[in-house]
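Reader: Please take me through a single part of this model in some detail, and then place that part in the rest of the chain. Plain wording is fine.

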Amino acid sequence: MERSVIVTGGSRGIGRAIAIGAATAGYQVCVNYARNAEAAGEVISLIQSAGGKAIAVQADMTKEADILRLFETVDTELAPLGALVNNAGIVDKGSKVENMSLERLERMFATNITGPFLCAREAVKRMSTAHGGKGGVIVNISSVAAKLGSPGEYVDYAASKGAIDVMTLGLAKEVAAEGIRVNAVRPGIIYTEIHASGGAPDRVERFKSMVPMLRGGQPEEIADAVLWLLSDKSSYVTGSLIDVTGGR
Ligand code: NDP
């Protein structure tokens, strides 16, 4: 049976690697993005040239109307929804808590937890066997920051990722009997553009010395864990928070 997957923030970085891997694994893929249509288009071309089916859908994770439109587009254009990867996320410049503005906090939490929460809600409505669905899988992209707390720089980011971990634990139990598995992957420091967007392009180099394996990770090394969770190879795994951190 054909199934589709929505990868939020699937146009760049970790989400891009997940989208390409999911297509190779046989999913029809919805590549969500916020601003960069060109990057999303490149992912679609790559998937289509390998014989896969994919669409790009612009939707800002901070806007409920966009999220509803995203899911409705997938309903009409792709196979029934079988999986959601809540990957889109942001980090801001390093700052102490005492200097964090309300605007920064609202943007951080809207993108990193409210958006994923609303996406999970829409996915459950479609996948739950209690609502006539065929079951499915949700993978939330958290962060090692959720266990470290990131003091002095990114406590807001860490808190948003802590929230996604707890959502994972609660939702997994809530929908386990409805055929839906819910897990989180917690990446360590990974080579992507998120570090430049947070105004700290040297972050990977700086954090690398704290990694027991003494290197940053590649997006594909996160995607491999996600793809396992999206597959039947993990059919008895739910409510798990899986660290992919080089030992950090
Ligand atoms: P990137 O900055 O490389 O890519 C972010 C992606 O998310 C882009 O596709 C971007 O789309 C999209 N995006 C950003 N904001 C929104 C929004 N409001 N609505 C919809 N899409 C949005 O990030 P990474 O690949 O590094 O990060 C992916 C996830 O992994 C994040 O949740 C991050 O917190 C987490 N993570 C990353 C780590 C790392 O070291 N890289 C470490 C731990 C966790 P567009 O280009 O259109 O803006």
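Author: Strand β2, residues 28-33, is largely enclosed by the rest of the structure, because six of its six residues are buried. The model is a predicted one, and the burial is a computed count: a residue is called buried when 20 or more other C-beta atoms lie within 10 Å of its own.

The side chains of the strand can be sorted by direction. Gln-28, Cys-30 and Asn-32 point one way from β2. Val-29, Val-31 and Tyr-33 point the other way, and the residues of both groups are buried. In a regular strand, side chains alternate between the two faces of the sheet. In β2, then, burial applies to the residues pointing either way.

The strand has paired neighbours. One is β1, residues 4-7, which runs parallel to β2 and is joined to it by four bridges. Gln-28 of β2 is the bridge partner of Ser-4. The other neighbour to consider is β3, residues 54-58, also parallel to β2, and here five bridges make the connection. In this pairing Asn-32 is matched with Val-57 of β3. Gln-28 and Asn-32, which serve as partners in these two pairings, point the same way from the strand.

The helices enter at this point. β1, helix α1 (residues 13-24) and β2 form a β-α-β unit, and this unit is right-handed. A second right-handed β-α-β unit is made by β2, helix α2 (residues 37-49) and β3. Strand β2 therefore takes part in both units: it ends the path that passes through α1 and begins the path that passes through α2.

The ligand also involves β2. The strand supplies at least two residues of the shell around the ligand, as do α1 and α7 (194-197). Helix α1 gives the largest share, three residues. In total, 30 residues surround the ligand, and the closest are Gly-9, Gly-13, Gly-89, Thr-192 and Ile-194. Sorted by character, the shell holds 12 nonpolar residues, 14 polar residues and four charged ones.

On to the strands beyond. β1, already met as a partner of β2, is also joined to β4 by four bridges, again in the parallel sense. Val-7 of β1 faces Val-85 in that strand. β4 covers residues 81-86, and six of its six residues are buried, so the strand is mostly covered. β4 pairs in turn with β5, residues 136-141, in parallel and over four bridges, with Ala-83 opposite Val-137. The chain gets from β4 to β5 by way of α4, in a right-handed β-α-β crossover.

The connecting helix, α4, has 26 residues, numbered 102-127, and spans 36 Å from its first C-alpha to its last, close to the 38 Å expected at 1.5 Å a residue. Helix α4 also bends, by about 40°, at Ala-110.

At the start of β5 there is a glycine to note. Gly-136 belongs to that strand, and it counts as buried because 26 C-beta neighbours lie inside 10 Å. Between Gly-136 and Asn-36, 100 residues apart in sequence, the C-alpha to C-alpha distance is 28 Å.

Helix α1, which precedes β2 in the first unit, can be related to a later part of the chain. Trp-228 sits in helix α9, residues 219-230. The C-alpha atoms of Trp-228 and Ala-22 are separated by 10.0 Å, although the two residues are 206 residues apart along the chain. Trp-228 is partly exposed, because 17 other C-beta atoms lie within 10 Å.

Two loop residues remain. Most residues other than glycine have a negative phi. Ser-150 is not a glycine, yet its phi is positive, about 50°. Ser-150 lies in the loop between α5 (145-148) and α6 (155-175), and counts as partly exposed because it has 19 C-beta neighbours inside 10 Å. Leu-214 likewise has a positive phi, of about 60°, without being a glycine. Its loop is the one between α8 (203-208) and α9. With 10 other C-beta atoms within 10 Å, Leu-214 is exposed.

Key. Residues numbered from 1 in each chain as written. Predicted model: local features only at pLDDT ≥ 70, side-chain atom pairs only at ≥ 80, totals over all residues. Buried ≥ 20, exposed ≤ 12 C-beta atoms within 10 Å, placed from the backbone. Pairing = 2+ DSSP bridges. Near = placed C-beta within 6 Å. Nonpolar A, V, L, I, M, F, W, Y, C, P; charged D, E, K, R; others polar. Expected span 1.5 Å × (residues − 1). Bend = angle between axes of the 7 residues up to and from the residue.
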